[in-house]
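I opened the notebook with a plain aim, which was to look up how the chains meet, where empty space is left inside, and which backbone features stand out. The entries follow in the order in which I took them up.

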Number of protein chains: 2
Amino acid sequence: MSITHASRLYLRPVAASTVKSKCLSLQLMLRNSLIAPTGKGLYAILPLGQRVVDKLVKIVDTELAAIGAQKAEVPALATADIWQRSERLSAMGQEMFRLKDRHDVEYCLQPTAEEHFTTLVNGLGNVKPAALPIMLYQTSQKFRDEMSPRFGLLRSRQFLMNDLYTFDVDQPSAQITYDRVDAMYRRLFEDILDLRQHVLRVSASSGAMGGDVSHEFHLPNASAEDALLECGHCDSRFKKDEHPGTSECPSCQKALKTIETVEVGHTFQLGDRYSKIFEATSPSNTPYFMCCFGLGITRIIAASIDVLSTASTAMRLPKAIAPFKLAIILPKTDTPNAQFVKSFIPQLTHLPNLNGEILLDDRFDKSIGRRINEANQLGIEHVLVASSHKYVDPTEVQRVEYFKTSAGSASIDKVGALTHGEIFDIFSKV
Amino acid sequence: MSITHASRLYLRPVAASTVKSKCLSLQLMLRNSLIAPTGKGLYAILPLGQRVVDKLVKIVDTELAAIGAQKAEVPALATADIWQRSERLSAMGQEMFRLKDRHDVEYCLQPTAEEHFTTLVNGLGNVKPAALPIMLYQTSQKFRDEMSPRFGLLRSRQFLMNDLYTFDVDQPSAQITYDRVDAMYRRLFEDILDLRQHVLRVSASSGAMGGDVSHEFHLPNASAEDALLECGHCDSRFKKDEHPGTSECPSCQKALKTIETVEVGHTFQLGDRYSKIFEATSPSNTPYFMCCFGLGITRIIAASIDVLSTASTAMRLPKAIAPFKLAIILPKTDTPNAQFVKSFIPQLTHLPNLNGEILLDDRFDKSIGRRINEANQLGIEHVLVASSHKYVDPTEVQRVEYFKTSAGSASIDKVGALTHGEIFDIFSKV
């Protein structure tokens, strides 16, 4: 039953004045010690950021296991020849980091892993119907030598991505798999991360590859990395770069509005392109119908911060991945109210929902007000503040000050004072 | 409360005849679908292997949190200049993978991260005593362009490593930190992984860097990657390569015997070498006294298999990281005994110790005998087998056949037949 002491927490905040970017999520992640730059488009994930990353990774693991996907990992380092076989080596151009080993053999750092995963399915032999669809995924570091890395984790050169590859005997069964993953992605964005009012799902063309089905999940973002066209009338939505110059909705001829966004997930029916090349053959002796799916783990975190925060003084994250659920602020001197709070902290840590989720702010060199402000900056939803008053009225039931932060608001709001019973009512449900 | 169905599990066993290596762990990991080769010295971790990796990572996370270390992650990709500043770029020679980005800037793939972590501690400002020692770690993919990658995960070119960096104000306080991590490493190997009878801790010289303290943890291994000299009389132990030609114990002059080993962990007092260069200064205005610590996650798995398995037909892993704790084998036809077993599976999955730990073998195209044999091959400790008999004596209490595997033995042993009560007695404790 672990608890984090703020006095021990590795914090390396960057002064607001030194952050040059206009990107709000980058400012907030730097100022709140979630990340630190280590090079051009490269960031260390600091302990506070790692808590957020680990939570999102765990959620995705749980959801993918629930739909029958199995976790694996292929090396980041791949011989260039498999990328040559899939005819993607030249297509990736300068975006792919390449290197040679000591024997002068060419390698690349993979931005995605269709080649490797299709190879794993080659030679599986006579796969039983019960084992289909084959659904393999990894959550691993990916590499892309971006022309203009910027906006922190929104467009970095190394990033954490979850990529899922599925293999079905034919398109109709692949469609069922595709719909199942699509439903999981919607559940993740809409329900679990509670981004229902923000996330935009859009059908995307598959470009040069032909008529395959593809969808993308976007979040509004002023970085203008991407843009969608939306019809307010019939709710149609298109990728702007696929419809240059279009200003009217093709369905209802109403005016389209542009929404600046960033892509946070994609789903794609690849067909047999890779399974043909890498000879991944189904029990019916045809190449598998393959789909691939991707979630930009680190990008989702940055994009969520952008969409939920309204000021550079108050970071907001989806509740499910916020670094802590509850901050408890203790006064410097051991007041009766502080003793009361300390007496029930062990009980709080035993609530399943709060295990590992409490930040105990024991930084007594900082005033209570300043620490409330810092809890607000970190966007910790629930904050309990023990009183520094030396006197307590023995005829009254002891209460603890309760503050709350919420998405879309930059302030921390005083809700009132809670009794022991009220505290346990609230925190057994969070 | 999840359960894994064997019929769905991604298995891609390699025929014994195609595995050329004499390395037992490599044979077993390939034959049992834990890994698959993707290139020279490069391996995919398959779902069964990923379960083992995830368990070991989680154990190490828990143990490191318990001693106050905080998890982070720095990019694998580092600009060559920070490695130049530490004068390690040329020292690493051809073992380091190097590459250039699209702007012709030189980068390397990091085999370790002293430079990055020391940089993170630079500029922390006035660190409060309560925040010391600073203990930061990561578990991340590391890269080394080995001259002779071999023996699977024992010497691969990409591998998962846990590296911890600690920063203290001076050597005496660093010694306390060092001892704390050393104790955690001993607990991990001796108690948690139950390798008490195998693990060898040895003091190592720090080579060219001078009189700093260093220890290594080794496991006996026929791969002869490394070797120790041991005195059976006074229990002294030395690294063979640091004492070439030595045949007598320096302490008691008795004969030394050679033990072929592989290194699985190291602890090292670095002093101020990196903190001076990267200006990581303690509150007392001197460079921090730094220690670094490493656990070869993927190597520990392979080395454990080598030390616990005695035949290529039966893989053995430490219980704490075996892919499953319990296999349940059901017959093809729904016999009364199968119905009995199925009736209590939900209760079993609710035992905290068995959540996610049960493999339900529903591969009805395989005989029960063959599936018992496969459970033995995977080294699943507990195996329950439902009877295929159509008749059950209504006057008798139903029982289920119970088999066990154990480390150091290649066979699966029939323990007897258990009643419902006996099963729950056993599995509430495993």
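**Entry 1: the largest cavity**

I began with the largest cavity, and I noted that its lining is made up of A:Glu73, A:Val74, A:Pro75, B:Tyr43, B:Ile45, B:Gln141, B:Leu153, B:Gln158, B:Phe159, B:Leu160 and B:Thr298. I keep in mind throughout that this is a predicted model. I read the volume of this cavity as about 100 Å³, and I sorted its lining residues into 7 nonpolar, 3 polar and 1 charged. When I asked which elements supply at least two residues each to this lining, I found strand S3 (42–45) and strand S9 (158–168) of chain B. The largest share, 3 residues, comes from S9(B).

**Entry 2: the other cavities**

I then looked up how many cavities of 30 Å³ or more the structure holds, and the count is 4. The second largest has a volume of about 40 Å³, and I listed A:Val74, A:Pro75, A:Ala76, A:Gln110, A:Ala113, A:Gln138, A:Ser140, A:Gln141 and A:Lys142 as its lining. By class I recorded 4 nonpolar, 4 polar and 1 charged residues there. I also noted that A:Val74 and A:Pro75 appear in the lining of the largest cavity and again in that of the second largest.

**Entry 3: the contact between the chains**

Turning to the interface, I found that 57 residues of chain A and 58 residues of chain B take part in the contact. I entered the buried area between chain A and chain B as about 5,100 Å², with carbon and sulfur atoms giving 51% of that area. I counted 40 residue pairs in polar contact between chain A and chain B, with both residues at pLDDT 80 or more. On the side of chain A that touches chain B, the elements that give two or more residues are strand S2 (35–39), strand S3 (42–45), helix H2 (47–66), strand S4 (70–71), strand S6 (98–100), strand S7 (106–109), helix H5 (114–121) and strand S8 (134–143) of chain A. The residues on that side of chain A divide into 30 nonpolar, 12 polar and 15 charged.

**Entry 4: salt bridges**

How many salt bridges cross the interface of chain A and chain B? I found 6, and I wrote down one between B:Arg157 and A:Asp101, whose closest N and O atoms are 3.0 Å apart. Over all chains the count comes to 64. Within chain A, I looked at the pair A:Lys239 and A:Glu216, whose side chains meet in a salt bridge at 3.0 Å, N to O. Since A:Lys239 lies in strand S13 (residues 237–239) and A:Glu216 in strand S11 (residues 214–220) of chain A, the pair ties together parts that are 23 residues apart in sequence.

**Entry 5: backbone features**

I reminded myself that most residues other than glycine have a negative phi, and that most peptide bonds are trans. I then noted a cis peptide bond between A:Leu132 and A:Pro133, with omega about -5 degrees, and I placed A:Pro133 in the loop between H5 and S8 of chain A. In chain B, the peptide bond from B:Leu132 to B:Pro133 is cis, with omega near -5 degrees, and B:Pro133 sits in the loop between helix H5 (114–121) and strand S8 (134–143) of chain B. My last look-up was A:Phe151, which is not a glycine and yet has a positive phi of about 60 degrees; I located A:Phe151 in the loop between S8 and strand S9 (158–168) of chain A.

Definitions and conventions
Residues numbered from 1 in each chain as written. Chains lettered and ligands numbered in written order. Predicted model: local features only at pLDDT ≥ 70, side-chain atom pairs only at ≥ 80, totals over all residues. Heavy atoms only, no water. Contact = heavy atoms within 4.5 Å. Buried area = accessible area lost by both parts, 1.4 Å probe. Salt bridge = Lys/Arg side-chain N within 4 Å of Asp/Glu carboxyl O. Polar contact = N/O pair within 3.5 Å; in protein donor to acceptor, adjacent residues only side chain to side chain. Helix = DSSP H or I, 4+ residues; strand = E, 2+ residues; numbered from the N terminus. Nonpolar A, V, L, I, M, F, W, Y, C, P; charged D, E, K, R; others polar. 1 Å grid on protein atoms, 1.4 Å probe; cavity = no way out; pocket = protein on both sides within 12 Å on 5 of 7 lines; lining within 4 Å. Points joined across faces, edges and corners; volume = space filled by probe spheres on them.
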